[in-house]
Amino acid sequence: MMESGAPVCHTCGEHVGLNANGDAFVACHECNFPICKTCFEYELKEGRKVCLRCGNPYDENQLDDVEKAPGNRSTMATHLNQSQDAGIHARHISSVSTLDSEMTEENGNPIWKNRVESWKEKKSKKKKTSTKVEIEAQVPKEQQMEDKPAADASQPLSSVVAIPKNRLAPYRTVIVMRLIILGLFFHYRVTNPVDSAFGLWLTSVICEIWFAFSWVLDQFPKWYPINRETYIDRLSARYEREGEPSELAAVDFFVSTVDPLKEPPLITANTVLSILAVDYPVDKVSCYLSDDGAAMLTFESLVETADFARKWVPFCKKYSIEPRAPEFYFSQKIDYLKDKVQPSFVKERRAMKRDYEEFKIRINALVAKAQKTPDEGWTMQDGTPWPGNNTRDHPGMIQVFLGYSGARDIEGNELPRLVYVSREKRPGYQHHKKAGAENALVRVSAVLTNAPFILNLDCDHYVNNSKAVREAMCFLMDPQVGRDVCYVQFPQRFDGIDRSDRYANRNIVFFDVNMKGLDGIQGPVYVGTGCVFNRQALYGYGPASMPSLPKSSSSSCSWCGCCSCCCPGKKAPKDPSELYRDTKREELDAAIFNLREIENYDDYERSMLISQMSFEKTFGLSSVFIESTLMENGGVAESANPSTLIREAIHVIGIGYEEKTEWGKEIGWIYGSVTEDILTGFKMHCRGWRSIYCMPLRPAFKGSAPINLSDRLHQVLRWALGSVEIFLSRHCPLWYGYGGGRLKWLQRLAYINTIVYPFTSLPLIAYCALPAICLLTGKFIIPTLSNLASVLFLGLFVSIIVTAVLELRWSGVSIEDLWRNEQFWVIGGVSAHLFAVFQGFLKMLAGIDTNFTVTTKAADDAEFGELYIVKWTTLLIPPTTLLIVNMVGVVAGFSDALNKGYEAWGPLFGKVFFSFWVILHLYPFLKGLMGRQNRTPTIVVLWSVLLASVFSLVWVRINPFVNAPGSTTVSQGCISIDC
């Protein structure tokens with residue numbers, strides 16, 4: 001029999017087999033996607049000749065040389081029986097202990113990583129006969145397709161759509177050529193110093209080298225961009241057969257909010273309503289709202305929302321409306337009668353709009369009431385004080401609305417479960433902000449519903465596509481793809497942004513270019529919202545298909561891992577205590593994974609076993625929660641008492657529950673940075689998981705973004721500060737995650753780019769000041785150009801332009817979006833990123849937390865009025881200074897050229913070109929700084945100032961009212977005329 005560590009086919013679940021050389025069969029040499037020969041041949045016969053993971057074409061010629069391993073059984077059931085007889089669990093069992101090295105912290109604890117399959121078997125016994133139970137206990141759920149149509153079972157639920165070679169090949173060629181030109185360019189720059197301006201020259205060269213390094217980090221992770229296509233109809237055909245209960249996996253939605261006065265309850269209510277109305281089986285959907293501010297306003301708003309949902313949800317599903325957030329549905333400026341054929345629609349829509357207006361009035365009344373807190377604090381309807389009157393010192397609170405045991409809709413149908421959660425807070429404890437709130441929701445949801453998948457949304461991001469969950473399930477429930485997927489990330493899309501997207505709020509280049517590139521490597525980064533997680537990945541487990549790390553032996557070295565490279569032929573003796581520990585661990589593993597033996601344990605013995613296995617040290621002191629982590633397919637025991645589960649849920653959100661556990665360190669959302677999203681996704685990728693980028697034609701989720709300059713800069717400041725915090729932590733991608741070798745190098749480059757980009761602000765601000773300094777001093781950073789140097793400079797500029805054009809060609813991004821992204825890269829780099837670097841070092845090294853105060857100066861009530869709000873903040877100082885200095889430099893440069901004559905005009909144009917490059921990139925900042933300016937276009941003001949200054953200098957130079965030297969003098973006297 002093959003070793004348990006051999007790769008397993010993602011399609012049929014069998015081992016992939018061996019080739020003629022005795023090595024594991026590999027169909028795709030680009031990503032090593034595990035697929036056996038039989039499934040590989042079937043893929044080729046069906047015309048699917050590209051890898052399901054990376055999109056690269058298969059090599060059909062290798063089929064002739066492939067031979068399956070001798071003795072390997074052909075049927076799935078036989079193979080599983082063979083594994084059971086050998087005492088090997090169906091899922092991957094790591095061979096490295098977390099207690100011994102840091103390597104295991106990155107790859108997951110091998111003890112609590114393993115699943116107790118028998119608990120899932122015990123749950124299924126209550127519904128099915130004993131004969132059928134035995135079969136299902138042996139075959140994993142995703143492989144139980146015997147009773148499904150064969151043609152449907154073989155159809156993939158998603159596919160990789162490779163970028164056409166005629167678009168991708170030129171793009172890669174230009175990147176390589178640009179890299180070569182950069183090398184020649186730096187050779188010229190370094191070997192040709194400017195002695196008259198050595199300091200300026202040296203500064204410019206250092207800045208240019210850093211920019212080239214940043215470009216490499218940003219460019220090469222886009223080497224393998226791909227698109228994906230989903231087949232929702234196949235998903236329904238496979239898991240929603242007519243006349244049978246739906247087999248789609250359950251999903252727990254997480255929505256987090258803190259301050260209802262800053263995050264309007266009406267927006268949060270719309271997000272919740274859009275979740276409750278998704279196109280998904282109602283018994284498979286649960287929505288958890290985390291109120292981290294323990295505000296009674298949020299609670300009362302949720303009560304009103306639950307009541308309105310009884311009308312709104314059936315209306316949405318009856319007429320299949322989009323989007324299903326009422327505020328945004330009723331505000332659409334479209335023909336709402338399009339594609340509607342039922343005569344009753346107009347009447348019901350008018351009635352629903354009237355009901356929604358009344359709902360808004362009730363919510364607004366609650367908001368108005370909450371503006372002033374009573375001296376005695378808030379009181380609930382029964383007269384008892386609201387437990388969250390002290391937002392920093394209150395108990396945990398949970399309230400369940402709707403669901404199978406709650407209120408039904410107006411048509412008598414069941415509604416999805418809605419749960420209000422406010423975790424306990426006490427003075428003197430670290431609460432870890434959003435990351436801590438999300439971890440509390442993970443534990444509460446595991447106790448109450450325990451769906452295998454989790455979708456988290458910010459409170460201002462509503463479901464814009466009711467089929468978004470089905471889109472994600474096409475990946476997560478696909479046996480060929482989903483086994484090693486930790487999350488499916490959707491792009492962020494926004495409402496309410498000005499037409500020109502002045503401050504690049506949409507982030508189109510990042511979401512439509514960079515993320516597609518990462519999807520071709522190991523998957524997109526987690527961006528904090530619009531993401532569907534595999535719950536098992538959040539628990540710190542590694543993927544099921546990941547082979548175990550090799551044990552050290554006589555032919556391998558623990559340092560380098562290669563055969564006999566350091567100590568050939570020698571085997572290090574084990575310490576007796578280590579041998580004893582390994583023996584006891586094997587005994588425990590054998591006890592846990594022996595399906596027959598664990599059925600003989602009672603509840604007390606099981607709890608003792610859990611304690612022995614150190615689950616409590618990892619997940620905390622809750623046997624109910626620990627048992628839920630071992631259920632790979634989720635679910636809660638039907639015999640569970642709801643009141644008991646509520647008490648347990650209150651317990652797991654207690655203030656001290658996470659103490660001396662792995663929460664925030666190895667499991668759940670990771671602590672240590674304000675950008676916990678990047679850190680959480682990075683840890684998952686280090687364990688060997690991959691992620692998927694899903695871009696449906698109709699955006700899955702939409703949110704709101706700050707559109708005025710100051711708020712946008714503060715948002716960017718927070719992101720950049722989080723990157724600096726990660727850079728200064730032990731999780732820095734520069735040195736973390738090498739032990740397991742499971743993070744691909746291009747993926748690592750992408751993560752390095754996410755944590756070093758704020759440091760680009762230092763060379764950027766110096767480089768933006770250089771043109772003005774050159775104009776003011778009359779010096780330049782480049783010597784007189786030779787013909788070769790001119791070709792190098794021209795080639796560099798052409799390669800930059802061609803790279804951008806080809807990137808636009810394969811990505812579909814517009815040139816305006818690319819230019820806006822380039823402009824705001826400079827604006828953010830010389831302001832928010834610069835402050836983030838200094839604030840990050842002060843916070844991490846000196847413990848000083850610096851805050852920046854924002855005060856409103858003016859406002860406008862017109863459309864996009866917020867765009868013209870001018871707020872003073874310290875972040876505005878550096879870019880304002882650069883603008884003024886460069887404009888003064890342009891004026892001084894023209895003045896100097898006028899004084900020196902024609903020979904000074906040639907060098908002037910080079911200096912002015914770089915100065916205008918800075919001004920053009922900072923132009924949106926200047927526009928935001930000037931506000932509306934009585935509706936006078938900012939460009940008119942800018943050119944007026946510059947041209948007026950230049951013409952003034954020309955006028956002074958000409959001196960039309962002063963006679964030239966040597967001309968005829970005017971008579972000093974007057975000729976008197978006698979009258």
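**Note on the fold and helix packing of the predicted chain**

1. Strand β8 and strand β13 (residues 701–704) run antiparallel and are joined by 2 bridges. Within this pair, V463 stands opposite F701 of β13. The model discussed here is a predicted one, and the points below should be read accordingly.

2. On which strand do β8 and β10 both pair? The order of the sheet is β8-β13-β10, with β8 joined to β13 by 2 bridges and β10 joined to β13 by 3 bridges. The β10 and β13 strands run parallel, whereas β8 and β13 run antiparallel. The sheet is accordingly described as open, of 3 strands, with mixed pairing. Its edge strands are β8 (462–463) and β10 (493–495), each of which pairs on one side only. On the β10 side, R493 has K702 of β13 as its bridge partner.

3. Which residues of β13 are buried, and which are not? The side chains alternate along the strand. F701 and G703 point to one face and are buried, while K702 and S704 point to the other face and are not buried. The two bridge partners named above can be placed on this pattern: F701, opposite V463, belongs to the buried face, and K702, the partner of R493, belongs to the other face.

4. For the chain as a whole, the model contains 34 helices and 15 strands. Of its 979 residues, 52% count as buried. Among contacts between residues at least 6 apart in sequence, 78% join residues at least 24 apart.

5. A further open sheet is formed by 8 strands in the order β5-β6-β4-β3-β7-β11-β9-β12, again with mixed pairing. Its edge strands are β5 (397–402) and β12 (690–693), each pairing on one side only. From one strand to the next, the twist averages 20 degrees. Within the sheet, strand β7 (residues 453–458) and strand β11 (residues 531–534) run antiparallel and are joined by 4 bridges. L455 stands opposite V532 of β11.

6. Which helices are placed against this sheet? Helix α10 (residues 265–276) packs on it, touching β3 (251–257), β4 (285–291), β5, β6 (417–422) and β7. The direction of α10 makes about 165 degrees with that of β4. Helix α14 (residues 433–448) lies across β3, β4, β5, β6 and β7, and runs at about 145 degrees to β3.

7. Two pairs of helices deserve separate comment. Packed helices are described by the angle between their axes and the distance between the axes. Helix α11 (residues 296–319) and helix α13 (residues 344–369) pack at an angle of about 175 degrees, with their axes 10 Å apart. Angles over 145 degrees count as roughly antiparallel, and α11 is therefore roughly antiparallel to α13. On the α11 side the contact includes L297, F308, W312 and F315, and on the α13 side it includes F345, M352, Y356 and F359. Charged residues also take part, among them E300, E304 and K311 of α11 and E348, R349 and R362 of α13. By class, this contact divides into 12 nonpolar, 3 polar and 8 charged residues.

8. The second pair is helix α7 (residues 165–191) and helix α8 (residues 198–219), whose axes come within 11 Å and cross at roughly 160 degrees. These two helices are therefore also roughly antiparallel to each other, and their crossing is left-handed. The contact includes Y171, I175, L179, L182 and F186 of α7, together with W201, V205, I209, A212 and W215 of α8. By class, it has 13 nonpolar, 2 polar and 3 charged residues.

9. Helix α15 (residues 468–476) is mostly covered, with 9 of its 9 residues buried. The buried residues include the charged R470 and E471, as well as V469, M473, F475 and L476.

10. Finally, P783 lies in the loop between α27 (761–777) and α28 (787–811). Is this residue buried or partly exposed? Buried means under 20% relative accessible area; P783 has 22% and is therefore partly exposed. P783 and S196 are 587 residues apart in sequence, yet 9.5 Å apart in space, C-alpha to C-alpha. Leaving aside neighbours within four places in sequence, P783 is in contact with Y188, N192 and V194.

Note on methods. Residues are numbered from 1 along each chain as its sequence is written. This is a predicted model: local features need pLDDT of at least 70, side-chain atom pairs count only at pLDDT 80 or more; totals for chains, interfaces and linings use all residues. Side-chain values use heavy atoms; hydrogens and water are left out. Axes are lines fitted to C-alpha atoms, for helices over the stretch in contact, and angles run from 0 to 180 degrees between N-to-C directions. Angles under 35 degrees count as roughly parallel, over 145 as roughly antiparallel, 65 to 115 as roughly perpendicular and the rest as oblique. Contact means heavy atoms within 4.5 Å. Ala, Val, Leu, Ile, Met, Phe, Trp, Tyr, Cys and Pro count as nonpolar, Asp, Glu, Lys and Arg as charged, and the others, Gly among them, as polar. Buried means under 20% relative accessible area, exposed over 50%, partly exposed in between (1.4 Å probe, protein chains only). Two strands pair if DSSP finds at least two bridges between them. A crossing is left-handed if the near helix is turned anticlockwise from the far one by less than a right angle, and right-handed if clockwise.
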